[in-house]
Amino acid sequence: IRYVMVDIFERLEKNAGGPIGQYMSYAHGYFAFPKLEGEIGPHMVFRGKKMLNWSLNNYLGLANHPEVRKADAEGAAQFGMAAPMGARMMSGQTVYHERLERELAEFVGKEDAFLLNFGYQGMLSIIDCLLTPRDVVVYDAEAHACIIDGLRMHKGKRFVFGHNDMDSLRLQLQHATDLAEEQKGGVLVITEGVFGMKGDLGKLDQIVALKKEFRFRLLVDDAHGFGTMGPGGRGTAAHFGVADGVDVLFNTFAKSMAGIGAFVSGPRWLINLFRYNMRSQLYAKSLPMPMVIGALKRLELIRNHPEYQEKLWEIVRALQSGLKENGFNIGVTNSPVTPVFMKGGIPEATNLIVDLRENHGVFCSIVVYPVIPKGEIILRVIPTAAHTIEDVNYTLEAFKSVRDKLESGYYASLPIPERADEGFKLR
């Protein structure tokens, strides 16, 4: 019997780009992989034009804080980007790495913490370290892609519960418990503190309360909650007063800390298990010293300046209340993440975003099919402590203008705009 072989490259080329990348020849540089230039902040330059920017997770405005820039520069000048050389276990350990871990653990109310080079990669390894094939996972239907990819590596059974649906969670916990008992395994529940697309909070208090009925451990991804939620920015678990009920807590530096890297925190014995078994860290170079020095300064500023979090929430409240008062649908967000839901297909979305950028100078992320169902549009707006009330008011007027055109059918009546060297333009 002869089998017909497929050339891997031929197969990939026929499906070049995948579900999102299929639009790359048209979208690259404008809708995908746009280049924002200038100092990081609310006002940046896109294709030569100044934009009011709502697309950065720089929640506390630390990216260009003078003390942060100074710490980053001094760290690079003193140590360079190469130090420390090697993985943490072999030759990449320093007193600065240890100090940052101690301070982070204390800040979020855990015994110990372990630094991770990247958040996405870190979550995959956390899941890998925690589970055996006998263990059963129950996770939220809208969990972040890093959680989903981590679960793809899990060789055991997993159950998904309806997003933030506690009745669904209870049902899946019963199924998971029955199976885990049969297999002599355990149960792990995974959810998020703040869901990054819709901005709603994971019901951590209610999930923790279910520990009275079921035996499970809880892993929470609080990437968007660190620095924004809870007293002093200590996170969503602190916001609900259930930090002790979260067994494993994951946070990233890529948002409120305006840096790169992440950390996982929990009981000291568990963190030591991660230190000696997390493959993505065992076989990876240690987080460079300037990033560690810079993270120490960022954490110091978050601890000592609660007014940054207060200013963030002043802008959040002004933006979200203004959107609601003007009839916009922002869903169920109760965090800084602010989605604006509209109706329309890809042509309408394309014309809307070009109009918003080219004629109003407002830059925000847009989400369409295949990320969300056909016929839906989400403008994803990220307020920060660096924005002003004037920025909010200007944006509200711009959003009202594009909404009126969308609802009148104006964008649908237009062809998809031409792409010129200097950018897209409405015909």
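Student: By class, how many residues of each kind does the lining of the second largest pocket have?
Tutor: The model is predicted: local features need pLDDT of at least 70, side-chain atom pairs count only at pLDDT 80 or more, and totals for chains, interfaces and linings use all residues. Numbering runs from 1 along each chain as its sequence is written, and side-chain values use heavy atoms, without hydrogens and water. A pocket is an open set of points on a 1 Å grid over the protein atoms alone where a 1.4 Å probe fits, with protein on both sides within 12 Å along at least five of seven lines; lining residues have an atom within 4 Å of a point. Counting Ala, Val, Leu, Ile, Met, Phe, Trp, Tyr, Cys and Pro as nonpolar, Asp, Glu, Lys and Arg as charged, and the others, Gly among them, as polar, the lining has 13 nonpolar, four polar and seven charged residues.

Student: Which residues are closest to the centre of the second largest pocket?
Tutor: The pocket's volume is about 690 Å³ (space filled by probe spheres on grid points joined across faces, edges and corners). Of its 24 lining residues, the closest to the centre are G186, V187, L188, F216 and R217.

Student: Which element gives the most to the lining of the largest pocket?
Tutor: That pocket has a volume of about 1000 Å³. Among the elements (DSSP runs: helices, H or I, at least four residues; strands, E, at least two; numbered from the N terminus) that give two or more residues to its lining are α2 (18–21) and β13 (365–367). The most, five residues, come from α15.

Student: How far from C129 is the nearest cysteine sulfur?
Tutor: The whole structure has zero disulfides (pairs of cysteine sulfur atoms within 2.5 Å). From C129, the nearest cysteine sulfur, that of C146, lies at 15 Å.
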